[in-house]
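Biologist: Hello! I am new to this one, so could you show it to me and let me ask a few things?

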Amino acid sequence: MAEVLLEISGLAKAYGALHVTAGVDLSVHSGEIHALIGPNGAGKTTLVAQIAGEVMPDAGAIRFAGSDITRLPVHRRARRGLARSFQITSVFPGFTVRENVALAVMAARGRTFRLLRPASADREANAQAELLLAEVGLAGRSRVAASGLSHGEKRALELAMGLAARPRLLLLDEPMAGTGPTESAAMVALLERLKRQYAILLVEHDMEAVFRLADRISVLVAGRIIACGTPDEVRADDRVKAAYLGEEA
Amino acid sequence: DPVKVGLVSTLSGPSAVLGQHMRDGFLLAVKELGGKLGGQETEVVVVDDELKPDIAVQKVKGLLERDKVDFVAGVVFSNVMGAVAKPVTASETFLISGNAGPSTIAGAGCNPFFFSASYQNDQNHEVLGQYAQSKGYKKVVLMAPNYQAGKDSLAGFKRYYKGEVADEIYTQLGQLDFSAELAKIAAAKPDAVFTFMPGGMGVNLVKQYRQAGLAETTPFLSAFTVDETTLPATGEAALGFYSGAAWAPNLDVPANKTFVAAFEKEYGYIPALYAAQGYDAAKLIDSALKATGGKTADKAALRAALKKADFSSVRGDFKFNTNQFPIQNFYLVKVGKRGDGKVETMVAEKIFSNYGDAYAEKCDMK
Amino acid sequence: MTALLALRGLTAGYGGAPVLFGVDLDVPAGAALALMGRNGMGKTTTVRAILGLVPPTGGSRTFDGVPLAGLKPHRIARLGIGLVPEGRQIFPTLTVEENLIATAALPRAGQRAWTLERVYGLFPRLAERRRHFGNRISGGEQQMLAIGRALMTNPRLLILDEATEGLAPLIRAEIWAVLSMLKGEGLSLIVIDKHVSALAQVCEQAAVMEKGRVVHAGPAAAFVADAGLASRYLGV
Amino acid sequence: MRRLLPFLLFGALAAVPLFADAFTLSLVARGMIFALAAVSLGFILGQGALVSFGHAAVMGIGAYAVGILMEEGGRDALVSFPVAMAAAGLFALATGAVSLKTRGVYFIMITLAFGQMAFFVAQSLSAYGGDDGLTLAARSTVAGQRWLKDPKIFHFTVLGLLVATVLTCHVLAASPFGRVLAAGKENERRLRALGVDPYPYRLLAFTIAGALAGLSGALYANLAEFVSPAYLSWHRSGELIVMVVAGGAGTVLGPVIGALGVVLVEEGLSRLTEHWRILFGPLLVLLVLSRGGLSALFGRRRDG
Amino acid sequence: MTLTLLLVQILNGLQLGILLFLVAAGLTLVFGVMDVINLAHGVQYMLGAYLMVTATALTGSFWLGLPLALAAALALGLVLERLVIRPLYGRDHLEQVLATFGIILFVNEAVKMTWGSAPLAIPMPEALSGSVRIMDGLNYPVYRLVLIGAGLLVAGLLYVLVTRTRTGMLLRAGATNAPMVSALGVDIAGLFARIFAFGAMLAAFAGAMAGPILSVEPGMGDGLLILAFVVIVIGGIGSIRGAFVAALMVGLIDTLGRSFLTDILKLVMSASAASAAGPALASMSVYLLMALVLFFRPRGLFPAPA
Ligand SMILES: Nc1ncnc2c1ncn2[C@@H]1O[C@H](COP(=O)(O)OP(=O)(O)OP(=O)(O)O)[C@@H](O)[C@H]1O
Ligand SMILES: Nc1ncnc2c1ncn2[C@@H]1O[C@H](COP(=O)(O)OP(=O)(O)OP(=O)(O)O)[C@@H](O)[C@H]1O
Ligand SMILES: [Mg+2]
Ligand SMILES: [Mg+2]
């Protein structure tokens, strides 16, 4: 298999008596889609937040692309190629859809600390933004204010912003949540296309999508990884069935 | 052409009451003179300086350039005076101070176009210093807000008081609660306290001084702290407290008797020092215009007429020093109850007679 | 059976931009309606217009025979409409338990009351987190809380706007079971969800929205069975 | 209308000397000087939601720089104005570095704290008049010439600097830099996730705004020929915020209109009656209640 | 500096803190809980004092005047809410600032026109005009003890109201998401109106209670408003407990700074330098405290969970 891009070892985080992350080891290889599933409140989002740098772990280490990033602030990690979408939609509501993505493009290229030329005149960023918007199915919506998007459209916009960074690892926290059946299908197709270009850590409760997309799946329960393997292995695991999947296996 | 006078006064904010007294005093005089000064139809343009120096400059420019006034009168506060004195005198317009008398203008910065109808800032404080000295107080605590006028006040007091200063307390401007300071005073056990707490601060201090029981043990000497602007609020809490001034409502001068009676009749409250000074300022202008026959164009003649101070002041004897600040008597005044039960400051003792200020010699006008 | 909720020619929009162009819907008492449609077609807007959260610009709404025009949202809700909103909208500065209690209302006569115990029985997870603040629980836990909060108002009509979003498969299955049970108790439902087949098991009626109009209405089972319909309206 | 507005506005200001007397000229100059400060405040406030409640302090520092230099013999604007901007900018940089750790109302209050500290320092500057303030010997010279004494030249100087400030802020707002500021206001968490730490952007913006306020202070010292601690007080900072918000915080021109409006309306009303605030207060309330307000009238600044 | 003096000054500091808390309490309630920046809180405090002046004059009694003044303040609060504040819910903070600033101008002027610009007084109630001797030569008025009691009472009351009652829950919920609260069947607008009026009444209560020891004058609320903001920001907006702790801290720092800073500085610098720097530093102390607190805890001592 390809090289290890992200490596988490012995990661731990507690809120008071609650051990949300209780010694997690996890690796994501470049080019793979690694799904992280588990019951509600298992600690998936908290784990993603620790990888992204919003939450500092109590113990353990996170290595990314060969260097230790455990203590790096969010924006420095993003600069190194970690992009994410949020479980609860997070965009710039007052910006137009295109401005949202264009800003992400400029940020990724380090072109934001410029004082003189208007941002809207950055042709390349605009063109790139339009391309990405078309990719996620928002082609006609680029001049609408992001606050005027429906819930599902905002999810798509989030993804476009994540892609704009041309990241090495994309952290997706429930990208399918809130999208309709059509859009879910479209999202799956998109992620399939993106596969191999980016490594993706995918948190998702839509099992159809997970089993279709993931190369490997890790199952997090109460802060611990209880299983990790190919979709078939995980699907067959009784503990996973009992804790999480139920009938859907 | 009617004579035009711009009256600059503080009419908004917590200190508005001082400006109100001064304005009412000035307008009363004009009214008594039949709306005329020096026999000329007179228009008084009242402006509010908001106690902001830059606003005052703006307003004064309006008076000078748009209203083209012949006199500017008034100004309660020294920092406002500091800002407006230059533009007014530079335009060769006479500025008649109704209250503020900063040392710079009394001394080296004196100006032929500046006349004070009030006093020099240090003088009222000196009254108390002299009184404390003559009373033989050995140990005094001084207290004033921490700003220029506060520091000047204590310096003025110390010019005559030579005993021990147990403590010099500088408080915050606009302070509400004086418990901490009162505890310090009680701990120091002085023979007397001298303070300068104008406006609402004074009201708070006086009430709290009384409530803390200090009034029974330690004489309260003050300047601009207990007067007719604050007495309505402090009431009997201030009874027996001392202040220093060149005037008090009961000062035994005929012109004063008529003034106070007329003022109370017109406005329904007892005039304070500021009202008396405003009244005198108008009378001063009136006397000068009478002398020039109502002419304002000849500045030299007008100045000479002003210098004569040929009017009957509510303070009795009144004449100008070389620096064009008054030479007058100063009294220790004490808060007491009038026949009708109202409290007011009352003359207790004359401290200085025909007293000029300490800066006049630095002024090179003759 | 008379309709509990009836919409006729309902129009509404955001700041002058119309989104609904005449929506007609009926929810009979005790019935469950599946409201379907692609993203951005106006499902949520319809829900908000029912409650008056976006002011309708035309058409009529009646609930249990009461015209809703002119009523403030809280009055409408008090008539017996419970909402599980899109995006959860949990109160972050209230604890889990406070979220449940704050807006709770007494049940109507003859109704089996929703209480804290009953909600905790349904979602044991919430009981474990009862002292956590609303923004200190996971997305799925928030979703459970949103459902519990709506139930605590003891509604007659429960509207669930993407209520299974972000829930684990096991819990999701549980929710569907609960909805069936509630329907059995006489509660009426409007359910917006992307899990079409599960919807069909709970709801007897289905309505499909497209560009601010109801473009198809009929029995839910038939809708699911007809692959052509589903692909035409939902693209699946 | 929107496109024409700046030309109408500045054209009208340029025409004022044609008919105005000296007093009106100085009144308008005062309005423009406040407009300059308001534009700089409006820039950080509208663009980055950085509501500084200590902006008067920076303005006052600019004024004091001119006053103190003059007292010490530095009369020329070519020296004192840059010094004023640098002093104000430095103060903004230092206090901003600390203040920008907080957001929202906490930011408002911490900037107030620094403003008050500067105020108390000015008040205790006994050598320069303390609370009584400091009278300038004369207006600053320009390259040795006493041009600023002429009210018309002074008027055009202020106008020119105001236009330059408006342009600067306009360019900055539209730049990627400005967009990051706006993004930080909208959703800071998202911005960080995109790899941008808003802190240095905010600090630079805060410093630039400070320097511009310093410039307006320098002009103000020249207009009044007087500096006073009152210039640094929180009341004045509050007035600046009122000007910005009254005119519309989301636009570059809003603060100009707000400042001129407030100055002129105040003057007009106070001529009517001593109790003009009883009219002015409700006017402000009505302005807010009838909004969008002026800014809605003139359209929002957003180039998409 | 004796131990007694130190203790007395600590008492004074606590008492100033309580007074500040009384003023800040309504402000935190309206700002922290309803998310409305109400600059008019200061003039509501002033109005309370002036209404009390009139009410005591009318009834001739402090105890009859107080409820009368409070009722009037409550009514005025309801009117103000209906006319000005209600349209401002959920609007930008700065628009609230502008509108309530307008109210300040209006009320200050109206008060001056009605009651005149001279300071006025509220007589101390006869029953409370006694005092206790706390150190040689210094009495402590009983009234101040009552003031402390009133402050503690208000603190307790508010704490229970906000954290323990359903009204408190709804207020907190409404602060973050009012439409959602009404979608769940609660008349949040009506609740806000009542709470705003209650806040106005609290402000008025502070003004009325302060009257017998402070001067009643136009603009008396303006400076206090700023201090009240300092208090609620140090405490963490929305936290009654925070406001209480912060008020005591501010009271103590301010009082102790005023009492001892100059003397302490004299130990390390010349007397004249100390008496120049001491008072200036003492004036700044409150602001220094705020800057320090915010530097280390950017959302105050007891930040709301958000
Ligand atoms: N800041 C916090 N303080 C206290 N507890 C927290 C905090 N953040 C999260 N938790 C708790 O940690 C647990 C894990 O939360 P997390 O959001 O990581 O779950 P998750 O696996 O993403 O769940 P879901 O699938 O529902 O999104 C939850 O039970 C939550 O209550
Ligand atoms: N707050 C808003 N302001 C302006 N326009 C909005 C707003 N919310 C939604 N819209 C617009 O209204 C239309 C319908 O949105 P709505 O949220 O009702 O769709 P939906 O069917 O619920 O979609 P989804 O499945 O994505 O939630 C969308 O096109 C959207 O652009
Ligand atoms: Mg999660
Ligand atoms: Mg929706």
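Modeller: Happily; what follows is a short round of questions and answers about a predicted model.

Biologist: Which chains surround ligand 1?
Modeller: The shell around ligand 1 holds 23 residues. Among the closest are K44(A), T45(A) and T46(A), along with S138(C) and G140(C). Since more than one chain contributes, the site is shared, and the residues come from chains A and C.

Biologist: How far is an oxygen atom of ligand 1 from a polar backbone atom of K44(A)?
Modeller: A polar contact needs two N or O atoms within 3.5 Å. A42(A) provides one such pair, with a backbone N or O atom 3.2 Å from a ligand 1 oxygen, and the side chain of N40(A) provides another at 2.9 Å. For the polar backbone atom of K44(A), the distance to an oxygen of ligand 1 is 2.6 Å.

Biologist: What share of the area of ligand 1 does the protein bury?
Modeller: On its own, ligand 1 exposes 640 Å². With the protein in place, the buried part of that is 91%.

Biologist: Which elements give two or more residues to the shell around ligand 1?
Modeller: Chain A offers two of them, β2 (18-29) and α1 (44-52). Chain C adds one helix, α6 (139-151). Put together, the answer is β2 and α1 of chain A with α6 of chain C.

Biologist: Now for ligand 2: which chains surround it?
Modeller: There are 20 residues around ligand 2, and the nearest include G148(A), G40(C) and E86(C). This site too is shared between chains, because its residues come from chains A and C.

Biologist: How far is an oxygen atom of ligand 2 from a polar backbone atom of G40(C)?
Modeller: Backbone atoms of several glycines take part here. G152(A) places a backbone N or O atom 2.9 Å from an oxygen of ligand 2, and a polar backbone atom of G42(C) is also 2.9 Å from a ligand 2 oxygen. For G40(C), the value is 2.7 Å.

Biologist: How many polar residues are in the shell around ligand 2?
Modeller: By class, four residues of this shell are nonpolar and six are charged. The polar ones number ten.

Biologist: Last one: which helix gives the most to the largest nonpolar core?
Modeller: That core has 301 residues, and V101(A), L157(A) and L162(D) touch the most other members. The top contributor gives 16 residues and spans residues 22-48 of chain D; this is helix α2.

How values were computed: Residues are numbered from 1 along each chain as its sequence is written. Chains are lettered from A and ligands numbered from 1 in the order in which they are written. This is a predicted model: local features need pLDDT of at least 70, side-chain atom pairs count only at pLDDT 80 or more; totals for chains, interfaces and linings use all residues. Side-chain values use heavy atoms; hydrogens and water are left out. A residue is near a molecule or strand if one of its heavy atoms lies within 4 Å of it. A polar contact is a pair of N or O atoms within 3.5 Å; within protein, one must be able to donate a hydrogen and the other to accept it, and residues adjacent in sequence count only if both atoms are side-chain atoms. Accessible areas come from the Shrake-Rupley method with a 1.4 Å probe; for residues, only the protein chains shown count as cover. Helices (H or I, at least four residues) and strands (E, at least two) are DSSP runs, numbered from the N terminus. A nonpolar core is a set of buried Ala, Val, Leu, Ile, Met, Phe, Trp, Tyr and Cys residues joined through side-chain atoms within 4.5 Å. Buried means under 20% relative accessible area, exposed over 50%, partly exposed in between (1.4 Å probe, protein chains only). Ala, Val, Leu, Ile, Met, Phe, Trp, Tyr, Cys and Pro count as nonpolar, Asp, Glu, Lys and Arg as charged, and the others, Gly among them, as polar.
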